[in-house]
Amino acid sequence: MSVQGEYMGMMLTIEDLDRENIAFFGYCAAGEFRLQRGLRHGLLRYPPTTACPWTGERESEWVRVEGKGTVHAYGEVHHAIQPAFKDKVPYLILIVDLDVQQGAPNPHDALRVGGNLVMPDGRYAPPEEIRRVGIGSRVRMVMVEVAAGLALPQWTLDEEATQPTTPWRFSDR
């Protein structure tokens, strides 16, 4: 059974054969951030896939993971390519190093999850919030419902975490 939903006027579809993504986005719709963990080596992986990118292991289980991390990189969008995003600019696309599995399977690896910067209620962050975020900012995951059985993981500032005094921002240099 495929899953469909409309997001900002655009149709999103996950086809029947894409079992890993159907499961992942279904967990997101239930408000849970779950990743696959290999049964033999115990490594978590993202994005969802049929085999571990490091070991090739195919057998896995879905485990709940805390959706918190540190901004590793970001892109600030000022010119919307899709008309649906025109009234959202500027907006940030974040790549976040999750707190779990840092430095595995080697010292330079981390699980990195992309998403937009949003407010805690899922609305795109306004310019004053965007200016607070940069490389090193602490964020937490927020699930934005698209349709029944489909939600997108996004990021918001983690107000409970200690934030860097001055997160690195390109415009600051």
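These legends accompany close-up views of a predicted model, taking in its aromatic rings and its cysteines.

**View 1. Phe24 and Phe33 meet edge-to-face.**
The structure holds eight aromatic pairs, and this close-up picks out the one formed by Phe24 and Phe33. A pair of aromatic rings is described by the distance of the centres and the angle of the planes. Here the centres of the Phe24 and Phe33 rings are 6.2 Å apart, with 80° between the planes. That angle is over 60 degrees, so the pair counts as edge-to-face. Phe24 is buried, at 1% relative accessibility, and Phe33 is buried too, at 4%.

**View 2. Four aromatic residues form one cluster.**
Step back from the pair and you meet its companions: Phe24 and Phe33 belong to an aromatic cluster together with Phe25 and Tyr46.

**View 3. Cys28 sits in no disulfide.**
A search of the whole structure for disulfides finds zero. For Cys28, the nearest cysteine sulfur belongs to Cys52 and is 20 Å away. A disulfide needs two cysteine sulfur atoms within 2.5 Å, so Cys28 is in none. Cys28 has a relative accessible area of 1%, which means that this residue is buried.

**View 4. Cys52 is likewise in no disulfide.**
Looking from the other end, the cysteine sulfur nearest to that of Cys52 is the one of Cys28, 20 Å away. Is Cys52 buried or exposed? Its relative accessibility is 4%, so Cys52 counts as buried.

Technical notes:
Residues numbered from 1 in each chain as written. Predicted model: local features only at pLDDT ≥ 70, side-chain atom pairs only at ≥ 80, totals over all residues. Heavy atoms only, no water. Phe/Tyr/Trp six-rings, centres within 6.5 Å; stacked < 30°, edge-to-face > 60°. Buried < 20%, exposed > 50% of the residue type's maximum accessible area, 1.4 Å probe, protein only.
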